[in-house]
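This report introduces one protein structure to a reader who has not seen it before. It treats aromatic contacts, a small sheet and the spaces left between the atoms.

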Amino acid sequence: MSNKESVQAPVDHDAGQASRQWWHTSIIDMKPGSIRYHGYAIQDLIGNIGFAQMAWLMLRGELPSERQGKLLEAALMAAVDHGPQAPSIAIARMAATCGVGLNNAMASAVNVLGDVHGGAGEQAVELYQDVAARIDAGASQDEAVRAGLDAFIDLHGKFVSGFGHRFHHLDPRAPRLLQLVDEAAAAGAVSGRYAVIARAIEAELAARKGKGIPMNIDGATAVIYAELGFPAPLARGLFCLSRSVGILAHAWEQTNQGGRNKGPIPRQYIPVYDGHPPRDVPQE
């Protein structure tokens, strides 16, 4: 062995530890030949838990009970799609006609899921939790609902997230989801507290408006996420996860249908121009 070969560079243990800590995580422990999520080996999870249970494990660090997992799965399933009239779905289809790949079409669509389109569930969870906090502070349920609604309207305006729907007088998804919450509460899997609060808000809105403003899909899924203990911001994240399934399906369908550069309306319909009347460019 030559002197050159026998000389080894010193191992910088501090640098190695700094590198390992750079992306430290409690979610996954991955090393050659081994993948564990929150301690569970991937080979033991495969075939034994479903996608919703896996999402719960990734976000919460523990596996849900069977009923909790089914309730989360129902919420995720119920919101996958609402047709091309929904901006996110329309954008996915338009993007697909622009020659981009599925990932680009999906990213374009997910990027418009904001406070107005896609954020209602998060806002509804915040409303329910605000009402619950007021009750915990000593207010009666009626007082808490009225005060919570007033505060929400002051902050967000007259549209109360999770109630009313521009297409459906009664959103067919909401009653079924609430039925599942009631069944889970009866079985002791959830408390049922947020379902009570949401229904009280629905009743207060009807009294204020003089007509029914039924709970919609966002209000019902928000009940589920609140009952299951998910923080409000995750209600939006979970909606994005759910709607991504519909976005993918529509992007794929449009890709196979073909079409080039399809805009939001047929080309024979010209948008109204309400700017300055025709005029000549000033001459020097």
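Rings of Phe, Tyr and Trp, the last by its six-membered ring, form a pair if their centres lie within 6.5 Å, and planes over 60 degrees apart make the pair edge-to-face. The model described here is predicted.

## Aromatic pairs

A search of the whole structure finds two aromatic pairs. One is made by Trp56 and Phe230, with 5.2 Å from centre to centre and 80° between the planes, an edge-to-face arrangement. This pair links distant parts of the chain: Trp56 belongs to helix α4 (residues 51–60), while Phe230 lies in the loop between α12 and α13, 174 residues apart. In the pair of Tyr225 and Phe230, the ring centres are 6.1 Å apart and the planes stand at 85°, so this pair is edge-to-face as well.

Are these rings buried or exposed? Both Trp56 and Phe230 are buried. The relative accessibility of Phe230 is 1%, and it therefore counts as buried, given a limit of under 20%. Tyr225, with a relative accessible area of 3%, is also buried. Trp56, Tyr225 and Phe230 form one aromatic cluster.

A charged residue accompanies this cluster. The charged end of Arg60 sits over the ring of Trp56, 4.4 Å from the centre of that ring. The charged end of Arg60 also sits over the ring of Phe230, here at 4.5 Å from the ring centre.

## The three-stranded sheet

Three strands make an open sheet in the order β1-β2-β3, with antiparallel pairing. Its edge strands are β1 (28–31) and β3 (40–41), each of which pairs on one side only. β1 and β2 run antiparallel and are joined by four bridges. Strand β2 (residues 34–37) is joined to β3 by two bridges, and these strands too run antiparallel.

Tyr37 can be followed across the sheet. On one strand, Ile28 stands opposite Tyr37 in β2; in β3, Tyr40 is the residue that Tyr37 stands opposite.

Two hairpins connect the strands. The hairpin of β1 and β2 has two residues between the strands, and Gly33 takes a positive phi near 85° there. β2 and β3 likewise form a hairpin with two residues between them, where His38 in the turn has a positive phi of about 50°.

## Pockets and the cavity

Rolling a probe the size of a water molecule over the atoms shows where empty space is left. The table gives the volumes and the classes of the lining residues.

| Space | Volume | Nonpolar residues | Polar residues | Charged residues |
|---|---|---|---|---|
| Largest pocket | about 1000 Å³ | 14 | 14 | eight |
| Second largest pocket | about 300 Å³ | six | four | four |
| Largest cavity | about 40 Å³ | three | three | three |

The largest pocket is lined by 36 residues, and those nearest its centre are Val116, Ala120, Gly164, Asn216 and Asp218. Two or more lining residues come from each of the elements α8 (120–136), α11 (193–209), α12 (217–227) and α13 (232–257).

The second largest pocket has a lining of 14 residues. Met94, Lys262, Gly263, Pro264 and Ile265 lie nearest the centre of this pocket. Helix α6 (residues 87–96) gives the most to its lining, with three residues.

How many cavities of 30 Å³ or more are there? The count comes to one. The lining of this largest cavity consists of Gly118, Gly121, Glu122, Asp218, Thr221, Tyr225, Ala235, Arg236 and Phe239. At least two of these lining residues are supplied by each of α8, α12 and α13.

Some residues and elements recur in these descriptions. Asp218 is among the residues nearest the centre of the largest pocket, and Asp218 also lines the largest cavity. Tyr225, one of the residues lining the largest cavity, belongs to the aromatic cluster with Trp56 and Phe230. Helices α8, α12 and α13 contribute to the lining of the largest pocket and to that of the largest cavity.

Notes:
Residues numbered from 1 in each chain as written. Predicted model: local features only at pLDDT ≥ 70, side-chain atom pairs only at ≥ 80, totals over all residues. Heavy atoms only, no water. 1 Å grid on protein atoms, 1.4 Å probe; cavity = no way out; pocket = protein on both sides within 12 Å on 5 of 7 lines; lining within 4 Å. Points joined across faces, edges and corners; volume = space filled by probe spheres on them. Nonpolar A, V, L, I, M, F, W, Y, C, P; charged D, E, K, R; others polar. Pairing = 2+ DSSP bridges. Phe/Tyr/Trp six-rings, centres within 6.5 Å; stacked < 30°, edge-to-face > 60°. Buried < 20%, exposed > 50% of the residue type's maximum accessible area, 1.4 Å probe, protein only. Lys NZ or Arg CZ within 6 Å of the ring centre and 35° of its normal.
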